[in-house]
Every structure is written in structure tokens, then in C-alpha cells.
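Let's work through a few exercises together. Try each task on your own before you read its solution.

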Amino acid sequence: MKRLFYMATVFCMICGCCQTQEQTETIPILTWAGMPSEKAEECFPIAKECGIDWHLGLYGNLEQTLHAMDQAAKVGIGVIPGFPEMKDSTEYAVAAIMDHPALIAYHLKDEPETWDIHWLKALHDKVQSLDSSHPCYINLYPNWAWNEENYADNIELYASEINTQFYSFDQYPVTEDEGKISVRPTWYRNLEEFSAMARRHGKPFWAFALAKSHHLGPPSPPAFYPVPTLGHLRLQVFSDLLYGAQVIQYFTFAGIYDSKEGRKTPVFDIFRQVNSEIKAYSPVFLGCTVKDVWHTGDSIPSHTRRLKDMPHEKVKTLEMSGEGAVVSLLENGGRTYLAVQNRDCVNDATLDIVFNGRVKRFTSEGPVRHDGGTITLEPGNMAIFILN
């Protein structure tokens, strides 16, 4: 019952149906797959240790699903299970897990095509008629994989037809080609169009970061995703947050813990660090309203808007060295925040920002007085200021 109450509170916050001056919960952190049911007893405590709140597990049958959920419940982790009976024997499957304390949502489909929408709507509506207390999870393609020029139309079609409580999409922007790290040019357009769609429908969206290095064959260039560094992870999750994402998802748990070898990977410690930062920044981002997002730099990502004027009357000057910045103006709990992120995931950058009057900087340790001066931002890192 405690888990269900916690979930109701979080969904209330991220859907905006409950406004409070003080928030005590945190941005949920989810891992995708990479945790076999037979390894659940071993893996879920590891997941808890590194700050994971929920796990999306894909299982071979209901029996495996229930075993995994039982182990998750023991350590206080929620589960979004996907298993064949959800489609083959929907009434039976929902009845079997709907009262389980670990249940967060029902996984229905990953990366559907437009021609899947009709049957997915029917399945979604059937599941919700059987259990209206838990939402359904469907994850959508990134724009480069779903006809980029028609992507906005595709996601709008999905949102108009299937009344999910939230929207989710995946894209892993940090790539490596012959030792050179680059960011997919499609990524910020994806965040722009997806967040705009979510705002139009008045619902939250969930976004991804990559935890596991892997090759991806044609037709997806470049074909290699590197082992993520601290800068890679920060760039992804903080950009997600600056655009308003309300849940951070990682693909996959296997990038953090190798269950075959029974050992933590080199990514584990930086993953835990980034998760602790996400939780520390949750008072800013959980349930926030994003007022606007801009970019700076000699060149800015496709389909984004350049910061031409100051983002707020309290900002006198704002300059970022290097690749440039993502600049987000947000409101939450009666406060206005300005978040400025280093858009380079490899190199440090300096932020020179001057305010009209006093402001505070919101750090991972909480609010502190900001007296001006140059701020060095590590790769992908951000500075957050409380404007009022």
C-alpha cells in the first residue's frame, strides 16, 4: 500500500493535478530490461543501491513476471512488466498483477508503427477498463527512425488516438565514430517536437539516456554507442529535464550491472552519481512548467531557437563558451528558475552570467547565495538559478 500511495503522489505531481508549495518526492528513475527474472533476487538490491526507483522488465510469461515483481517489492522498487499474456490473455494477466504492490504500469508496446495504433488503442482501453488505477506504457520511436520530416505528425496521431496518461520516446544522442564523440543532430529537434506535443495534450513525457554501449547496424549511422562517461549521461538526462521530462529512463540495466558475470560495470559509479544529482534537483523539475527553451553558440541544433534577448528581466548578461548552452526558463511551486546547461558532453565550458539584483543558485546541496562571477561547467553539466 505504501508503494501505491507513493505512486499516486508522484503521478499527481507530474500530471499537474495537484499543486503544492513544497515537494517531497523525486523524479523517478527507471531502467529498461537487462534484468532476467531468474536473476531478480540478485539484481534488484543492486538497482536500489544505485538509485533506481522503477524497472521495466520484459519477461517470458506470467510466472517469471510475478517472481520478478516479488523480488522488486522486497527492496521497494516498482515494476512496469511486459509479458505475452498481456496481449494473449489480457483479463487473466491484469487480474493476476493489478493488486501487486510493485506494479507501476502495464507495458504494452515498444516503438509501435503507425499501423499498430488501432490494435494498441483497443488493448490500452481494455486494460484501463480492467484497472483504472495503473496507467499503460507505450514507448515511441526517435525521430530519425520514424520519418523525421513527418515525426511531429506521427506522434500527434498517436497522442490523438491513444489516451495514455503520459508519453515516452527513446533516443540515444551520444555516438562514436572512429574514436570521435558526436551528438546526433536529430536529438534536440526530437525534444522540441515531443515536449511540444505533450504540452498540447496537457500530459507529462518520459525520456531516455543510454547506459549500455552497443552496436546498432544499418540503417542507423553511426553504428556505435560508446560506454557512457559522466559528461555523456549528464548531457542526456539534464537536457531531458530542461525540456520538462518527468521520468528519466535508462537503456539498459545491463550497462550498470552484468548479471552474467555477477559484477558491477565501470558505469555503475557515475550512474549512481548522476541519479543522486537528479534526485537533488527534483524540487526544481518535478511537476514543473517549462516556459521556454533556447540555445546559444556559433551554431545551434536544428529546429531549436536561438537566445536573442535575455530570458528573464533579472538576467543582465548571459554568455557560454565552447559549443554553447541549453537555456530553460521554468516555474515550479511559485518560483521561477533559470537552468543553463553546457551542451558539450566532452569539454568544460565557462558561463558568464550577470543578474539585476540578487539571486540564489540551486545546487545539488540545495540553494546557496550567488554573488556573480564566472562558473565553470563540466561536460553536460548545468547551473540552476532561483530568480524569485
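Below are five exercises, each with a worked solution.

This is a predicted model, in which local features need pLDDT of at least 70 and side-chain atom pairs count only at pLDDT 80 or more, while totals for chains, interfaces and linings use all residues. Residues are numbered from 1 along each chain as its sequence is written, and side-chain values use heavy atoms, with hydrogens and water left out.

**Exercise 1. A helix and its length**

Task: Work out whether the ends of helix α8 lie where its residue count says they should.

Solution:
- Step 1: Helices (H or I, at least four residues) and strands (E, at least two) are DSSP runs, numbered from the N terminus.
- Step 2: The expected span is 1.5 Å times one less than the number of residues.
- Step 3: Helix α8 covers residues 187-201, so its 15 residues should span 21 Å; the end C-alpha atoms are 21 Å apart, which agrees.
- Step 4: Just after α8 comes glycine 202, with a positive phi of about 65 degrees.

**Exercise 2. How covered is α8?**

Task: Find how many residues of α8 are buried.

Solution:
- Step 1: Buried means under 20% relative accessible area, exposed means over 50%, and partly exposed is in between (1.4 Å probe, protein chains only).
- Step 2: Eleven of the 15 residues pass the buried test, so α8 is largely enclosed by the rest of the structure.
- Step 3: Among them are Trp187, Tyr188, Leu191, Phe194 and Met197.

**Exercise 3. Strand β9 and its partners**

Task: Describe which way the side chains of β9 point, and which strands pair with β9.

Solution:
- Step 1: In a regular strand the side chains alternate between the two faces of the sheet.
- Step 2: In β9, Phe205, Ala207 and Ala209 point one way, and Trp206, Phe208 and Leu210 the other way.
- Step 3: Strand β9 (residues 205-210) is mostly covered, with six of its six residues buried.
- Step 4: Two strands count as paired if DSSP finds at least two bridges between them.
- Step 5: Strand β6 (residues 167-169) pairs with β9 in the parallel sense over two bridges, and serine 168 has tryptophan 206 as its bridge partner.
- Step 6: Strand β12 also runs parallel to β9, joined by five bridges; here alanine 207 is partnered by isoleucine 248.

**Exercise 4. An open sheet**

Task: Which strands stand at the edges of the sheet formed by β16, β19 and β22?

Solution:
- Step 1: The three strands form an open, antiparallel sheet in the order β16-β19-β22.
- Step 2: β16 (315-320) and β22 (374-377) are the edge strands, each with a single partner, so one side of each has no neighbour in the sheet.
- Step 3: β19 (residues 349-355) pairs with β22 over four bridges, antiparallel; one of the bridge pairs is threonine 350 with threonine 376.

**Exercise 5. Unusual backbone spots**

Task: Look at residues 111, 251, 252 and 303 and say what the backbone does there.

Solution:
- Step 1: Most residues other than glycine have a negative phi, and most peptide bonds are trans.
- Step 2: Glutamate 111, though not a glycine, has a positive phi of about 50 degrees; this residue sits in the loop between β4 (106-110) and α6 (117-130) and is partly exposed at 24%.
- Step 3: Histidine 303 also isn't a glycine, and its phi is positive, about 65 degrees; its place is the loop between β15 (289-295) and β16, and it is partly exposed at 46%.
- Step 4: From phenylalanine 251 to threonine 252 the peptide bond is cis, with omega near -10 degrees, and threonine 252 is in the loop between β12 (247-251) and β13 (257-258).
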